[in-house]
Structures are given as structure tokens and as C-alpha cells.
Amino acid sequence: MFEATTILAYKGENKAVIGGDGQVTFGNCVLKGNANKIRTLYHGKILSGFAGSTADAFTLFDMFENILENKKGDLLKSVVEFSKEWRKDKYLRRLEAMMIVLDKEHLFILSGTGDVVEPEDGKIAAIGSGGNYALSAARALDRFAKLEAKELVMESLKIAGELCIYTNENIKILEL
């Protein structure tokens, strides 16, 4: 787990939402509080977010975007191809970053070792140092509260921001 951020993704009924906090830390110092760690890919049809080294994450975003273009936006085929490329490349295997990618049909975590993980429930995933806090909050809110997808992500990230010292409450959200 990286001590860097919190990213949470939720795939609901005909909705896909991703959110992330804005804190950038270096050791025990906060360098920035309003970073943007989420973005849309493939003509706004795919959502993504990263945790870990910023430079490494940009490398992964660029690589993944190229694969998405080659696969004409097919997320499932793209994550499989991405994993193959990640594992083949000695440089990529040393990158210190993780990604979440999703659309309205699929949700995947791309690990720092080239693994592709689809969450067991298929609808909630989190990465980063506050990821487990956000994931727990999202699962509870999903089970017991009647919130819209965007509100569920926002409230879960706020809870993570209250608990994780590497996560703040400067939250950005994207949705499909």
C-alpha cells in the first residue's frame, strides 16, 4: 500500500464514479493539497485514478491510453493487454504506482506488479493509503444508505480523510 493518496471507484446502476483526494506527501510533509489524481480516458468513456509515484503514474496513464486507443476503448481487452506489457517490461515492473480503471460495465485494479484484479462484488474498489478506510465506508453506505453513486463516493472519501493522515478532504469526483 502506498502512503500517497486515496482513490475510490464505484460502479452502480448505469453509473460509474471515481473520486480521489488531493494530498501529495513526501515522507511526513504535505507538499500539495489540491492535486488531481483522477482523469477520463478514451474520449471520456473510461474513468481512471492512481496512487503512488506521480511520475510513474503518468507513465502508466500514457501506456494505458495507447492500449485503449489500439483496442478501440474495449476496457476488458485493454487491461489484459496492459498486464501483459507491464509484466514483459523490466522498467515498468519497477514502477511504484497502482491504478483503478472503470466504465459502466467493468471495474479493475491494476497493481504495481502487473496484476489485474476485478473486485469480488464488481462494484467497489479502492487504492492508496486511505483505500481500506474508503472501501469500508463505501461498502457500509452501499448496504445501509440510499445514496446516489456520486454522493456515496464523496462521503466515503471524507471518512477516509478523517482517518488517514495521507488523505485530505479536498476531493475531486468524475462520473459517467
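The following exchange examines how several terms apply to this predicted model.

Mentor: Because this model is predicted, local features need pLDDT of at least 70, side-chain atom pairs count only at pLDDT 80 or more, and totals for chains, interfaces and linings use all residues. Residues are numbered from 1 along each chain as its sequence is written, and side-chain values use heavy atoms, with hydrogens and water left out.

Trainee: Why is C29 in no disulfide with C164?

Mentor: A disulfide is a pair of cysteine sulfur atoms within 2.5 Å. The closest cysteine sulfur to that of C29 is in C164, 16 Å away, and this is too far for a bond. The structure accordingly holds zero disulfides.

Trainee: What makes C29 partly exposed and C164 buried?

Mentor: Buried means under 20% relative accessible area, exposed over 50%, and partly exposed in between (1.4 Å probe, protein chains only). C29 has 43% relative accessibility, so it counts as partly exposed. C164 has a relative accessible area of 7%, so it is buried.

Trainee: Why is T5 called buried?

Mentor: T5 has a relative accessible area of 1%, and is therefore buried. Its contacts (heavy atoms within 4.5 Å), leaving aside neighbours within four places in sequence, include D21, F50, I127 and Y166.

Trainee: How do you know that the side chains of T5 and K37 make a polar contact?

Mentor: A polar contact is a pair of N or O atoms within 3.5 Å; within protein, one must be able to donate a hydrogen and the other to accept it, and residues adjacent in sequence count only if both atoms are side-chain atoms. The side chains of T5 and K37 make such a contact at 2.6 Å.
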